[in-house]
Amino acid sequence: MNNKTLKILNGEFTIHRFDPSEVIPTQLFASEFFWIGKTDTELSVVCSSAIELGSTKSETGWKTIRVLGQIDFSAIGVIAGITSVLADKGISVYVVSTFETDYVLVKTQMLAGAIEALTESEYIFED
């Protein structure tokens, strides 16, 4: 599978911001997909919008696009390719990465435009 094969995850997601000293809310672990990032200035969490975390700030209404297949650490430009296509169409993104692959979140109302732009750029969407 090449890095131009994508899949839309089910459901809608919310990006949360917490103070870095806060404890990670345990209800987060009920989400099938979640991501946690912590720095000295913040604790950021992405999870299903169906789960209420009580964060100090949040941004709802995101859909998640997964890059299918494992991305080797030597691969160059995978996210740059996707984000440049979307930037050219005025679509902002929130990107998270795992050991195996990358995820690009776009606002729900921008998803159709994102799919169209990526398809025109020879990306393939799997069901």
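Here a trainee and a mentor talk through how a few labels on this predicted model are justified.

Trainee: Let's start with the overall fold. What makes the chain as compact as a globular protein of that length?

Mentor: First, the layout: the chain has 2 helices and 8 strands, in the order β-β-β-β-β-α-β-β-α-β from the N terminus. Its radius of gyration is 15 Å, and the globule rule gives 14 Å for 127 residues; those values are close, so the chain counts as compact as a globular protein of that length. The C-alpha trace spans about 40 × 35 × 25 Å along its principal axes.

Trainee: And what share of the contacts joins residues 24 or more positions apart?

Mentor: That share is 71%, taken over contacts with a separation of 6 or more. Buried residues, meanwhile, make up 39% of the 127.

Trainee: On to charges. Why is the pair glutamate 59 and lysine 107 called a salt bridge?

Mentor: Side chains of opposite charge can pair when their charged atoms come close. The cut-off here is 4 Å between a Lys or Arg side-chain nitrogen and a carboxyl oxygen of Asp or Glu. For glutamate 59 and lysine 107 the closest N and O atoms are 2.8 Å apart, so the pair passes. The count for the model is 1 salt bridge.

Trainee: How do you know that the pair links distant parts of the chain?

Mentor: Look at the numbering: glutamate 59 sits in strand S5 (residues 57–67) and lysine 107 in strand S7 (residues 102–107), 48 residues apart.

Trainee: Are the two partners buried or partly exposed?

Mentor: One of each. Lysine 107 has 16% relative accessibility, and buried means under 20%, so lysine 107 is buried. Glutamate 59 comes to 39%, which falls between 20% and 50%, so glutamate 59 is partly exposed.

Trainee: Now the surface. Which residues make the nonpolar patch?

Mentor: Phe29, Phe34 and Ile36 make it, with about 250 Å² of surface. To join a patch, a residue needs over 30% relative accessible area. Phenylalanine 34 has 31% and so clears that bar; isoleucine 36, at 32%, does so too. Both values also lie between 20% and 50%, so phenylalanine 34 and isoleucine 36 are called partly exposed.

Trainee: Where do phenylalanine 34 and isoleucine 36 lie?

Mentor: Isoleucine 36 is in strand S3 (residues 35–38), while phenylalanine 34 is in the loop between strand S2 (13–18) and S3.

Trainee: What does phenylalanine 34 touch beyond four places away in sequence?

Mentor: Leu28, Phe29, Val46 and Cys47. Valine 45 is 11 residues from phenylalanine 34 in sequence, with 7.1 Å between their C-alpha atoms.

Notes: Residues are numbered from 1 along each chain as its sequence is written. This is a predicted model: local features need pLDDT of at least 70, side-chain atom pairs count only at pLDDT 80 or more; totals for chains, interfaces and linings use all residues. Side-chain values use heavy atoms; hydrogens and water are left out. Patches are made of residues with over 30% relative accessible area and no salt bridge: like charges are joined within 9 Å, nonpolar side chains (Val, Leu, Ile, Met, Phe, Trp, Tyr) within 5 Å. Accessible areas come from the Shrake-Rupley method with a 1.4 Å probe; for residues, only the protein chains shown count as cover. Helices (H or I, at least four residues) and strands (E, at least two) are DSSP runs, numbered from the N terminus. Buried means under 20% relative accessible area, exposed over 50%, partly exposed in between (1.4 Å probe, protein chains only). The radius of gyration is taken over C-alpha atoms; the globule rule is 2.2 Å times the number of residues to the power 0.38. Contact means heavy atoms within 4.5 Å.
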